[in-house]
Amino acid sequence: MAEKTTGEILKENLFLKKENGWLNTNCEEEIMSFAEGYIAFLNKAKTEREFIKEAKKLLIENGFQDLEKVGTLNKGDKVFYINKNKSLFASIIGEKPLKEGMQLVGAHVDSPRLDLRPNPLYENTDMAYFKTRYYGGIKKYQWTCIPLSLHGVFTKVDGEVIEVNIGENDNDPIFTISDLLPHLAKKQEKKTLADGIEGEDLNILIGSKPFKDSKVSEKVKLNILNILNKKYGITEKDFISAELELVPAFKAKSLGFDSSMVAAYGQDDKVCAYTSLKALLNVCNNKTATVVLADKEEIGSMGNTGMSSEVFEYYVNELLNKLNQNDYNMVNTVLCHSKMLSADVTAAYDPNFTDVFEKHNDAYLSKGVSINKYTGGNGKSGASDANAEFISYVRGVLEKNNITYQMTDMGKIGAGGGGTIAYILANRGMEVIDLGIPVLSMHSPYEITSKFDIYMAYLTYKTFYEG
Ligand code: MN
Ligand code: MN
């Protein structure tokens, strides 16, 4: 072999390498089997309620207890707190007192989707429909002509909660939104992509068979209500206190001849939620390790299940009380001394759309977890801009453990922008940085991730919890 030239040696030592992670990994088996577990979990947990329900099962299986049922806490104890069935916090109590800070990983479990409106059901020309209002940022045209499943709950006045899940089992019917045939779409095709299908066009086709009775009108609607009444014991009035969501009925699957990727609905941000939850299950920690699975991120993190709510402070207070470590101002002390990875996805560079990406700074599939120092818009507006000192700490954790990562930004300046829950915790004094997984077709009904990156995220979160 020829000796390396001075230039080659220099380049090797001085350049930042950004290599495809598959080239140098010796854990292909672990990567593939971890992804199997992820795919199976996703197929059971398409909505925030379902994710929290499955997460609770996993936590209990791994020795976690409901914080509300625990009197006192000691180091090594594992607890969780479920907030209104839509968000949760879970911790493993560390050796060190809480005032020295926690090691947190926070993801969100809500994803863009179509919600039913309060008065959803109507009939038009012998067909029955649901009116929807979309939740989160979607490209509306992507939601037509695909199979949709209905998930959620009816809650009756007497407190009974009736779970709904139709369209996931092979024997279930599915629902869909019709689009115009190309033959008659001359005018529609001249519209912009954003206007081709409008919000009010997102009406779900749910039936076409009339109830056989010549004396009644709206026979198809009546037939649907009769079916729902028999199945769930509900009437039209019960839609008032329902929360029903339509999500793509596609199954999560391996993608590509090499099965190197995952295609699935809702990977933003269930891919980070799953990896951060799995990572917590078996950590050996010095400091208290906590996973945050938040709701409502896609619509601004508001409300009592969103990250902006003070339920998180309540949780920290409860930990302090039960550890007998609470004192004046103690919650603030804990928050200010804590470190957090905001585990959320970022846009992966898409060679089909080069004009919106900045190839030197964007994230690439299979180059490891992506760290975003800041999110926000053009001039970093609205961003939590992580501190260099904290980034060096995170880098240290990753490099010491040979975890493949990339330091990234999102898109060209002027192309758009986005946000995560990072700023909310940063506002409370924590050191926070976004660290997640690159995604292709983000916010679409079928998002794409790399199995290599998923496994790297799992390793990252596990190592980070351990401090
Ligand atoms: Mn997200
Ligand atoms: Mn999102």
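Reader: Which residues coordinate the manganese ion (ligand 1)?

Author: In this predicted model, the manganese ion (ligand 1) is coordinated by His-108 through NE2, by Asp-268 through OD, and by Asp-344, which is listed twice through OD. These contacts run from 2.1 to 2.6 Å. Along the chain, the donors follow the spacing H-x159-D-x75-D.

Reader: Where do His-108 and Asp-344 lie?

Author: His-108 is in strand S4 (residues 102-108), while Asp-344 is in the loop between strand S14 (339-342) and strand S15 (346-347), so the pair ties together parts that are 236 residues apart in sequence.

Reader: Is His-108 buried or exposed? And is Asp-344 buried or exposed?

Author: Such a label depends on a cut-off: buried means under 20% relative accessible area. His-108 has a relative accessible area of 1%, so it counts as buried. Asp-344, with 7%, is buried as well.

Reader: How many Å apart are the manganese ion (ligand 1) and the manganese ion (ligand 2), and which residue coordinates both?

Author: The two ions are 3.3 Å apart. Asp-268 bridges them. Asp-268 is itself buried, with a relative accessible area of 3%.

Reader: What are the protein donors of the manganese ion (ligand 2)?

Author: They are Asp-268 (OD), Glu-298 (OE), listed twice, and His-443 (NE2), lying 2.1 to 2.6 Å from the ion. The donor residues are spaced D-x29-E-x144-H in sequence. Within this site, Asp-268 in helix H6 (residues 267-280) and Glu-298 in the loop between strand S13 (288-294) and helix H7 (311-323) link distant parts of the chain, 30 residues apart. Glu-298 is buried, at 13% relative accessible area.

Reader: Now the helices. How are two packed helices described?

Author: Two packed helices are described by the angle between their axes and the distance between the axes. Here, the axes of helix H2 (residues 28-44) and helix H11 (residues 451-465) come within 9 Å and cross at roughly 85 degrees. That crossing makes H2 roughly perpendicular to H11, because angles of 65 to 115 degrees count as roughly perpendicular.

Reader: Which residues in H2 and H11 meet?

Author: From H2 come Glu-30, Ile-31, Met-32, Phe-34, Ala-35, Glu-36 and Tyr-38; from H11 come Lys-451, Phe-452, Ile-454, Tyr-455 and Tyr-458. The residues of this contact divide into 9 nonpolar, no polar and 3 charged.

Reader: How should I read a single residue, such as Lys-131? Which strand is Lys-131 found in, and is Lys-131 buried or exposed?

Author: Take the element, then the accessibility, then the contacts. Lys-131 is found in strand S6 (residues 127-135). Its relative accessibility is 18%, so Lys-131 counts as buried.

Reader: Which side chains make a polar contact with the side chain of Lys-131?

Author: One is the side chain of Glu-200, at 3.0 Å. Another is the side chain of Asn-203, at 3.0 Å. Setting aside residues up to four places away in sequence, Lys-131 touches Asp-115, Leu-116, Arg-117, Pro-120, Tyr-122, Glu-200 and Asn-203.

Reader: Let me try the same steps on Ala-263. Where is Ala-263 found, and which residues is Ala-263 in contact with?

Author: Ala-263 is found in strand S12 (residues 261-264). With a relative accessible area of 4%, Ala-263 is buried. Apart from neighbours within four places in sequence, Ala-263 is in contact with Lys-251, Ala-252, Lys-253, Leu-255, Tyr-446 and Glu-447.

Note on methods. Residues numbered from 1 in each chain as written. Chains lettered and ligands numbered in written order. Predicted model: local features only at pLDDT ≥ 70, side-chain atom pairs only at ≥ 80, totals over all residues. Heavy atoms only, no water. Axes fitted to C-alpha atoms, helices over the stretch in contact; angles between N-to-C directions. Helix = DSSP H or I, 4+ residues; strand = E, 2+ residues; numbered from the N terminus. Parallel < 35°, antiparallel > 145°, perpendicular 65-115°, else oblique. Contact = heavy atoms within 4.5 Å. Nonpolar A, V, L, I, M, F, W, Y, C, P; charged D, E, K, R; others polar. Buried < 20%, exposed > 50% of the residue type's maximum accessible area, 1.4 Å probe, protein only. Polar contact = N/O pair within 3.5 Å; in protein donor to acceptor, adjacent residues only side chain to side chain. Donors = N, O, S within 2.8 Å, 3.2 Å for Na, K, Ca; no water.
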